[in-house]
Amino acid sequence: MRVDAGLAKLLGLSRTAVAALTESGDVVLDGQPAGKSDRLVAGSVLEVTLPEPERPVQVQAVPVEGLEVLHEDDDVIVVDKPVGVAVHPSPGWTGPTVVGGLAAAGIRIATSGAAERQGVVHRLDVGTTGVMVVAKSEGAYSALKHAFKERTVEKLYHALVQGHPDPIKGTVDAPIDRHPKHDYKFAVMANGKPSITHYEVVEAFRAASLLDVHLETGRTHQIRVHFSALRHPCVGDLTYGADPALAKRLGLTRQWLHARTLGFHHPADGQWVEFTSEYPADLANALELLRTESA
């Protein structure tokens with residue numbers, strides 16, 4: 001196996017990070033600096049000097065336009081996340097965040113979890129809108145993390161995908177891992193994490209189909225990756241192979257993907273609760289254009 005591939009597996013780093021280590025002379029193979037394309041052979045001695053860990057990104061209390069609170073009590077706060085907003089700070093992201101918006105509104109959330117994502121029990125992509133829950137109490141954080149892990153949370157997304165999936169109702173069971181060539185992307189990979197997506201076509205147009213999508217697992221970019229692998233990428237999702245001409249015609253500058261409904265057993269009393277988010281203007285307008293064209 002090549003040094004970059006082997007180290008990426010051994011240390012859980014991206015190939016880009018491993019390449020940077022080899023370029024700086026921090027990877028030594030049998031006493032000699034190793035290149036990223038050198039081969040690892042059984043019995044060889046591999047020495048790696050890792051850089052100092054980055055300091056945690058701090059949460060900045062900055063108001064977030066369009067961040068709507070759908071429900072709040074002592075244990076949880078359910079919000080409608082607008083487009084262009086990350087859930088929590090991360091290296092390289094300088095835009096608005098959900099946790100920063102909540103802090104600016106004076107809403108205290110749980111302190112469990114890493115410093116930059118305290119209270120966060122699940123995430124949505126920056127370009128994905130819709131409903132999500134944040135824990136306010138420590139008990140709620142533990143209960144919700146367990147619920148997401150045990151897959152007892154109901155996550156319904158609406159996705160507009162190109163073309164017409166066949167069959168019109170089905171399950172995609174395909175493991176997902178980081179893309180072997182592009183660190184910012186994910187892909188269906190044989191050695192990836194188990195990933196299961198259930199879908200059903202609820203409305204068909206000439207160029208696209210509107211789907212109900214239920215996630216059984218919650219991998220990064222899961223819906224986008226799975227439907228791209230089926231050759232039915234989310235409309236507007238240029239990262240995963242969508243048609244730019246169709247996106248432009250529908251006025252979309254991001255993927256048509258919306259977290260529609262979120263249901264879970266409330267941490268306080270175990271009662272089932274559900275919350276729904278309406279389509280934002282860009283997604284609603286794109287749908288209306290397709291309906292008009294197909295009429």
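This section describes the overall dimensions, helix H5 and its contacts, the aromatic and charged pairs, and the backbone geometry of a predicted model.

The chain comprises 7 helices and 14 strands. Its radius of gyration is 21 Å, close to the 19 Å that the globule rule gives for 295 residues, so the chain is as compact as a globular protein of that length. The C-alpha trace spans about 65 × 45 × 30 Å along the principal axes. Of the 295 residues in the chain, 44% are buried.

Helix H5 is largely enclosed by the rest of the structure, because 6 of its 8 residues are buried. The buried positions in H5 are Gln-222, Ile-223, Arg-224, Val-225, His-226 and Phe-227. Two of these residues, Phe-227 and Arg-224, take part in side-chain pairs with residues elsewhere in the chain.

The search of the whole structure yielded 3 aromatic pairs. In one of them, Tyr-199 and Phe-227 are arranged edge-to-face, with 5.5 Å between the ring centres and 80° between the planes. Tyr-199 belongs to strand S11 (residues 196-204) and Phe-227 to helix H5 (residues 222-229), so this pair ties together parts that are 28 residues apart in sequence. Both Tyr-199 and Phe-227 are buried. A further aromatic pair, formed by Phe-264 and Phe-275, is tilted, at 6.0 Å centre to centre and 35° between the planes. Here the partners come from two strands, Phe-264 from S13 (residues 257-265) and Phe-275 from S14 (residues 272-276), so the pair ties together parts that are 11 residues apart in sequence. Phe-264 and Phe-275 are likewise buried. An additional contact with an aromatic ring involves a charged side chain: Arg-260 lies over the face of Tyr-279, at 4.9 Å from the ring centre.

Side chains of opposite charge can pair when their charged atoms come close. Across the whole structure, 9 salt bridges were found. The second of the H5 residues noted above, Arg-224, forms a salt bridge with Asp-125, in which the closest N and O atoms are 3.1 Å apart. Asp-125 is located in the loop between helix H3 (98-104) and S6, whereas Arg-224 is part of helix H5, so the pair ties together parts that are 99 residues apart in sequence. Arg-224 has a relative accessible area of 7% and therefore counts as buried. Asp-125 and Arg-224 are also linked with Asp-237 in a network of salt bridges.

Another salt bridge joins the side chains of Glu-72 and Lys-136, with an N to O distance of 2.7 Å. Glu-72 lies in strand S4 (residues 68-72) and Lys-136 in the loop between strand S6 (129-135) and H4, so this contact ties together parts that are 64 residues apart in sequence. Glu-72 is partly exposed, at 39% relative accessible area, whereas Lys-136 is buried, at 19%. In a further salt bridge, the side chains of Arg-2 and Asp-4 meet at 2.8 Å, N to O. Arg-2 is partly exposed, with 29% relative accessibility, while Asp-4 is buried, with a relative accessible area of 5%.

On the surface, Leu-10, Leu-11, Leu-13 and Leu-50 form a nonpolar patch with about 360 Å² of accessible area together. Leu-13 occupies the loop between helix H1 (3-11) and helix H2 (15-23). With a relative accessibility of 30%, Leu-13 counts as partly exposed.

Most residues other than glycine have a negative phi, and most peptide bonds are trans. Arg-151 is not a glycine, yet its phi is positive, about 65°. This residue is placed in the loop between helix H4 (138-150) and S7, and Arg-151 is partly exposed, with a relative accessible area of 41%. Arg-231, also a residue other than glycine, has a positive phi near 70°. Arg-231 follows H5 and is found in the loop between H5 and helix H6 (244-249). At 74% relative accessible area, Arg-231 is exposed. A cis peptide bond, with omega of about 10°, connects Asp-166 and Pro-167. Pro-167 is situated in the loop between strand S7 (154-162) and strand S8 (169-173).

Key:
Residues numbered from 1 in each chain as written. Heavy atoms only, no water. Phe/Tyr/Trp six-rings, centres within 6.5 Å; stacked < 30°, edge-to-face > 60°. Helix = DSSP H or I, 4+ residues; strand = E, 2+ residues; numbered from the N terminus. Buried < 20%, exposed > 50% of the residue type's maximum accessible area, 1.4 Å probe, protein only. Lys NZ or Arg CZ within 6 Å of the ring centre and 35° of its normal. Patch = residues over 30% accessible without salt bridge, like charges linked within 9 Å, V, L, I, M, F, W, Y side chains within 5 Å. Areas by Shrake-Rupley, 256 points an atom, 1.4 Å probe, with all protein chains shown as cover. Salt bridge = Lys/Arg side-chain N within 4 Å of Asp/Glu carboxyl O. Rg over C-alpha atoms; globule rule 2.2 N^0.38 Å.
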